[in-house]
Amino acid sequence: MPTHTKTPRRVVVTGLGATTPVGGTIEQTWEAILAGRSGVRPLTQDWVAEHQLPVTFAGQIHTSPSDVLAKVEVRRNDPSGQFALIAAREAWADAGAPEIEPERLGVAIGSGIGGVWTLLDQWETLRTRGPRRVFPLTVPMLMPNGPAAAVSLDLTARAGAHCPVSACASGAEGMGLALDMIRWGQADMMVAGGTEAAIHPLPIAAFAAMTALSNRNDEPERASRPYDVNRDGFVIGEGAGLMVLEAEEHALARGARIYAELGGAGMSSDAYHITAGEPDGAGAARAMEAAVADGSLSMRDIIHINAHATSTPVGDLAETRAIHRAFGEHTADLAVTATKSMTGHLLGAAGALEAVLTALTLYHRQIPPTINLEDQDPQIDLDVVTGGPRALPDGDLAAVNNSFGFGGVNVALLLKSYS
């Protein structure tokens with residue numbers, strides 16, 4: 001096959017993997033999400049009291065990497081890399097562990113923050129024990145592309161090992177990059193998504209100083225409450241979500257199971273504020289419109305949105321305005337869900353995990369619920385799925401997954417049912 005093609009190829013999802021606050025596998029995660037179970041719980045580490053952190057809970061990983069990986073793999077990878085390895089191996093096995101020329105397989109795994117645990121732990125080692133005690137693999141462990149490199153090495157993927165770094169849109173941007181690489185013939189398969197491991201005293205203190213985090217310390221499982229009138233900030237989470245993406249012709253030739261089609265990606269930037277999104281949602285609306293157009297659909301073809309919906313007072317409202325701006329009167333026909341209500345906000349891995357969940361939504365024709373929505377903000381006039389999963393009809397379906405990040409980054413992914 002030539003390195004490039006002049007005719008864009010269809011790209012399908014053939015493998016899924018995740019390690020999250022609600023499950024150590026994609027199967028466990030999906031079951032918990034459909035059941036509406038929260039993965040947010042109190043932080044019991046000594047450093048919470050040591051640093052007098054104002055927020056004492058998070059969406060911590062469900063299954064310790066030390067229960068899954070070899071000791072040497074834990075030792076030589078930052079937690080962000082550990083999460084990526086676990087999710088990548090599961091996704092690859094789920095895709096059937098196909099034989100493929102290494103030069104036709106690539107990786108695109110984003111991270112918003114990278115190896116913060118390694119960076120700060122080794123700084124403490126340097127400060128207290130001197131330079132001779134700093135771990136020799138510190139730099140490859142702390143760099144944001146460390147997880148992408150680790151997965152590339154693990155799978156012998158030689159078509160590229162990419163790492164978009166665009167805050168909370170990083171994982172979704174990785175999927176958009178992978179989509180284009182396959183479309184235009186630079187690869188036949190890509191392992192794509194995001195990973196993050198930033199439940200560390202410094203990011204928690206910094207986000208709290210911005211008043212971005214919920215401080216509902218007395219009932220953490222109810223703290224992430226997108227769209228609720230009493231929402232007071234997001235809940236930090238950790239984990240990884242990855243897809244195996246594949247050229248349709250390649251997947252059909254090997255008889256692969258296909259979950260969905262990744263039909264399009266749209267990206268924009270607000271150029272408005274370093275942390276706040278554009279209040280009227282213009283940039284986010286452009287991203288959604290671009291994703292739908294990239295998939296050769298109309299806005300009226302979309303039936304579902306897995307929203308960014310972090311549970312911040314300003315952010316949820318801005319995204320609502322963006323949805324109305326993009327979809328107009330069709331907004332009333334959209335079924336919206338906010339799975340961060342259960343997982344918390346996985347930062348650079350958030351959009352990737354939510355795209356994985358959107359693929360499962362289309363495959364199983366079940367929209368997961370939003371939990372903790374007890375009193376919907378009257379300014380958020382969306383049809384939010386609550387109380388349990390909502391069944392989707394037969395026929396062709398299309399959904400959008402939104403991811404927005406600090407720096408004004410907006411990424412929307414379009415997924416289509418496949419039959």
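# Briefing: fold, helix H4 and salt bridges

Of the 419 residues in the chain, 61% are buried. The model is a predicted one. It holds 14 helices and 15 strands, and the points below cover the chain as a whole, helix H4, and a selection of the salt bridges.

**Overall dimensions**

- The radius of gyration of the chain is 20 Å, which agrees with the value near 22 Å that a compact globule of 419 residues would have.
- The C-alpha trace spans about 60 × 55 × 40 Å along its principal axes.
- Among contacts in the chain with a separation of 6 or more, 78% are made by residues 24 or more positions apart.

**Helix H4**

- Helix H4 runs over residues 79-94.
- From first C-alpha to last, H4 reaches 23 Å with its 16 residues, close to the 22 Å expected at 1.5 Å a residue.
- H4 is mostly covered, with twelve of its 16 residues buried.
- The buried residues of H4 include Phe83, Leu85, Ile86 and Trp92, along with the small residues Gly81 and Ala84 and the charged residue Glu90.
- Just after H4, glycine 96 has a positive phi of about 100 degrees.

**Glutamate 90, a buried charge in H4**

- Glutamate 90 belongs to helix H4.
- Glutamate 90 is buried but forms no salt bridge. Arginine 257 is the nearest side chain of opposite charge, and it is 9.2 Å away.
- With its side chain, glutamate 90 reaches the backbone nitrogen of isoleucine 26 at 2.9 Å.
- Leaving aside residues up to four places away in sequence, glutamate 90 touches Leu16, Gly17, Ala18, Thr25, Ile26 and Glu27.

**Arginine 89, a salt bridge from H4 to H3**

- Next to glutamate 90 in the numbering, arginine 89 does have a salt-bridge partner: its side chain meets that of glutamate 73, at 2.5 Å from N to O.
- Because arginine 89 lies in H4 and glutamate 73 in helix H3 (residues 71-75), the pair ties together parts that are 16 residues apart in sequence.
- Arginine 89 counts as partly exposed, at 29% relative accessibility.

**Other salt bridges**

- The count of salt bridges comes to 25.
- In helix H8 (residues 170-183), aspartate 180 and arginine 183 are three residues apart, so about one helical turn separates them. Their side chains meet in a salt bridge at 3.6 Å, N to O.
- In an α-helix, residues three or four places apart point the same way because there are 3.6 residues a turn.
- The two partners in H8 fall into separate accessibility classes: aspartate 180 counts as partly exposed at 34% relative accessibility, while arginine 183 counts as buried at 10%.
- Arginine 225 and aspartate 228 form a salt bridge, with their closest N and O atoms 3.5 Å apart. Both aspartate 228 and arginine 225 are buried.
- Salt bridges with shared partners join Arg225 and Asp228 to Arg216, Glu219, Arg222 and Glu374 in one network.

Terms used. Residues are numbered from 1 along each chain as its sequence is written. This is a predicted model: local features need pLDDT of at least 70, side-chain atom pairs count only at pLDDT 80 or more; totals for chains, interfaces and linings use all residues. Side-chain values use heavy atoms; hydrogens and water are left out. A salt bridge is a side-chain nitrogen of Lys or Arg within 4 Å of a carboxyl oxygen of Asp or Glu. Helices (H or I, at least four residues) and strands (E, at least two) are DSSP runs, numbered from the N terminus. Buried means under 20% relative accessible area, exposed over 50%, partly exposed in between (1.4 Å probe, protein chains only). The expected span of a helix is 1.5 Å times one less than its number of residues. Lys and Arg count as positive and Asp and Glu as negative; His and the chain ends are not counted. A polar contact is a pair of N or O atoms within 3.5 Å; within protein, one must be able to donate a hydrogen and the other to accept it, and residues adjacent in sequence count only if both atoms are side-chain atoms. Contact means heavy atoms within 4.5 Å. The radius of gyration is taken over C-alpha atoms; the globule rule is 2.2 Å times the number of residues to the power 0.38.
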